[in-house]
Amino acid sequence: MLPAGLMPFAVAEKSIRWIHGNLSYFDPFAKSPISEDLRHKALAELVLLCLLLKRHENFRSLPEIRDVMAFVADLNDNPFFEASLCRWNDALVPVLILAATLEAYGLTAENDRRQMIQKVVRDSNVCIIERIPYRQLELRHILDAGGFAHGLPSYRELWSRTLVAHRPNLMFLSDNDVYSITHALFYVSDFSAHNVDFLTPQEIAYVHDVVTHLLGVYIRRKNWDLAAELLAAEKCLGRISRHSVMGWRLLLEAQHADGRIDGPYLGQLADDKRDAEHLFDACYHTTLVSALAGMVWSRRS
Amino acid sequence: MQDADIGKSLSAAQTWLRGLSVVLRQRDFSERSLQCLLGLWISERALESTRSDGLHGLAGVISEQLAPLQEAAISSCDSKLLLLALYIVRKCGYPAYALENYGRKVADALRQDAAAHDDHVGEAIVLARLGLSNYPCGNAVDLSDMRAAAHNLLHSDPEAIRSLYARICAATHFGTQECRWFPGRQQMAFVIRVLLIDALNGYDMSTGAMLLRLAAYLGPTNEAVIRDAQSFLRLQQLSDGRFGQYDLHAEALRDAGLDARLDLYLPLTVSCVWALAETAMPGFRLFSLSPLEL
């Protein structure tokens, strides 16, 4: 068996290989039975993953990532993104992710959107439209990550509005509630790049307790999507536990030879519908978030 | 949550059980009467309330019903429930010949097979308090072999959960004894809390109530998860005192030939009363019984 410390990298590397092999399905403009909205979401998540992988020598030098970024750079020329930026304030985050990531990889061309984005952030409703708290954290995080000026409240203030800051009753949490907990932790820690220093040690201990118990629940349910998110969230708190070692072992066991990790709704997909596109639909997020968790857990260069 | 809130909850459940006991007194003997008797007994003791007419009335009727009956009437009932009923009926001052016969037989069987004690700790504790056996006298069941199993328990099926429950009840004498330290105890307590969250989050209240007691037996009891579970159970209590939001399934239950009040709400309410009493009322344990002479 692989030593515990190497499991996250192994999971991430194999996941990236699967993503690379299924790259065409991330194209939101290609003809596909998968909804366009889902592919836009998938693309934004893939691009964010690339932004975060750039921080790690072991990942950014992978040939698969070079190919992914070339694919992303091609898609960036589509006028859809320019329109998203200027016309639809609620669609800004994916454009921000795209711009920040292309810049990070030095792939900006003549269509550099930085100035336009900064104008939109300043002069439109982007920062004042109503969002649920963790989505507001998401906006703040990507604005900060991309180096854009903004007037959003502090992380502490935004955190105080989230579900987890209100000490929820764990018995009532839905899957979406758990996603809101993991995402809040991703953003306030910049995906584990920073300590969450506005929380007291007692508050950190409480949130860690919540995360480890939920990790146990989702491992029990074999929901690898939320298990992977919770593994990443644990590391974002700067903590590890004996339960995370078990989580990594089971996640590694759940990963297919080609790197795919089954999503929680795959079981609902009829056998005759398990073609490559529907498999992508059902599994891309779990595989992608496992790569993210592996990146967060791998030693930073 | 304040204990006073739990007290109100137990009091409401007691009122519902009391109403149900009036119905059961008009019917032929069944295990449901024993369950109702147990629920009334737990709520009365946990609330330290004075003599409850519902409890004594039902105990008297059970005593009468079982006087002429032979083993067949009680053979399908749970053995711990029968012995607890014997204890309660005697404590209320009524004879219970069929139950006493049964108790003597169980005591003889346990006396002849010491190895069976670990699987029948609950029975042995009650028999000892009834003066029918001198068990428990030895050490509690050893759990030191459970270290390796702790994480595998995360994937337990219902049968494995029941087996875990039985072992920890045996090790702690249903929470009346401090569990001896064993390697992996902390891990085991964590896994039980995870199973508890999973059960209640999936609205399996019966398993959740059982795991809530188990979490308290193994400790620590001041965990946020335990408070969350207590609060969750209380929020599932209906205004008449029974537990569980199942009225929306009433038609399906009827179609399945079930009497929701007796087949669903009664056992569930007793489970919830037992769990809330043992985890929120200081010092309360069902199996902490004072000795009783037959």
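User: Which residue lies over the face of A:Tyr218, and at what distance from the ring centre?

Analyst: The model is predicted. The idea is to look for a charged group placed above an aromatic ring: a charge sits over a ring if NZ of Lys or CZ of Arg is within 6 Å of the ring centre and within 35 degrees of the ring normal. In this structure A:Arg221 lies over the face of A:Tyr218, 5.5 Å from the ring centre. A:Lys54 lies over the face of A:Tyr105, at 5.5 Å from the ring centre.

User: How many cavities of 30 Å³ or more does the structure hold, and which residues line the second largest cavity?

Analyst: Rolling a probe the size of a water molecule over the atoms shows where empty space is left. Here, the structure holds 2 cavities of 30 Å³ or more. The second largest has a volume of about 40 Å³. Its lining consists of A:Leu170, A:Leu173, A:Leu214, A:Val217, A:Tyr218, A:Arg221, B:Ile197 and B:Asn201. Two or more lining residues come from each of α11 (201-220) of chain A and α8 (185-201) of chain B. With 3 residues, α11(A) gives the most to the lining. By class, 6 lining residues are nonpolar, 1 is polar and 1 is charged.

User: How many aromatic pairs are there over all chains, and what is the geometry of the pair formed by A:Phe9 and A:Phe59?

Analyst: A ring pair is read from the separation of the ring centres and the angle between the planes; planes over 60 degrees apart count as edge-to-face, those under 30 as stacked, and the rest as tilted. The count comes to 22 aromatic pairs over all chains. A:Phe9 and A:Phe59 form a tilted pair, at 4.9 Å centre to centre with 40 degrees between the planes. A:Phe9 lies in helix α1 (residues 7-21) of chain A and A:Phe59 in helix α3 (residues 57-60) of chain A, so this pair ties together parts that are 50 residues apart in sequence.

User: Are A:Phe9 and A:Phe59 buried or exposed?

Analyst: A:Phe9 is partly exposed, at 24% relative accessible area, whereas A:Phe59 is buried, at 0%.

User: What kind of pair do A:Phe26 and A:Tyr284 form?

Analyst: Their ring centres are 6.0 Å apart and their planes are at 85 degrees, so the pair is edge-to-face. A:Phe26, in the loop between α1 and α2 (36-53) of chain A, is linked to A:Tyr284, in helix α14 (residues 276-297) of chain A, 258 residues apart. A:Phe26 is buried, with a relative accessible area of 0%, and A:Tyr284 is buried, at 2%.

User: Which residues form one aromatic cluster with A:Phe26 and A:Tyr284?

Analyst: That cluster also includes A:Trp18, A:Tyr25 and A:Phe280.

Conventions: Residues numbered from 1 in each chain as written. Chains lettered and ligands numbered in written order. Predicted model: local features only at pLDDT ≥ 70, side-chain atom pairs only at ≥ 80, totals over all residues. Heavy atoms only, no water. 1 Å grid on protein atoms, 1.4 Å probe; cavity = no way out; pocket = protein on both sides within 12 Å on 5 of 7 lines; lining within 4 Å. Points joined across faces, edges and corners; volume = space filled by probe spheres on them. Helix = DSSP H or I, 4+ residues; strand = E, 2+ residues; numbered from the N terminus. Nonpolar A, V, L, I, M, F, W, Y, C, P; charged D, E, K, R; others polar. Phe/Tyr/Trp six-rings, centres within 6.5 Å; stacked < 30°, edge-to-face > 60°. Buried < 20%, exposed > 50% of the residue type's maximum accessible area, 1.4 Å probe, protein only.
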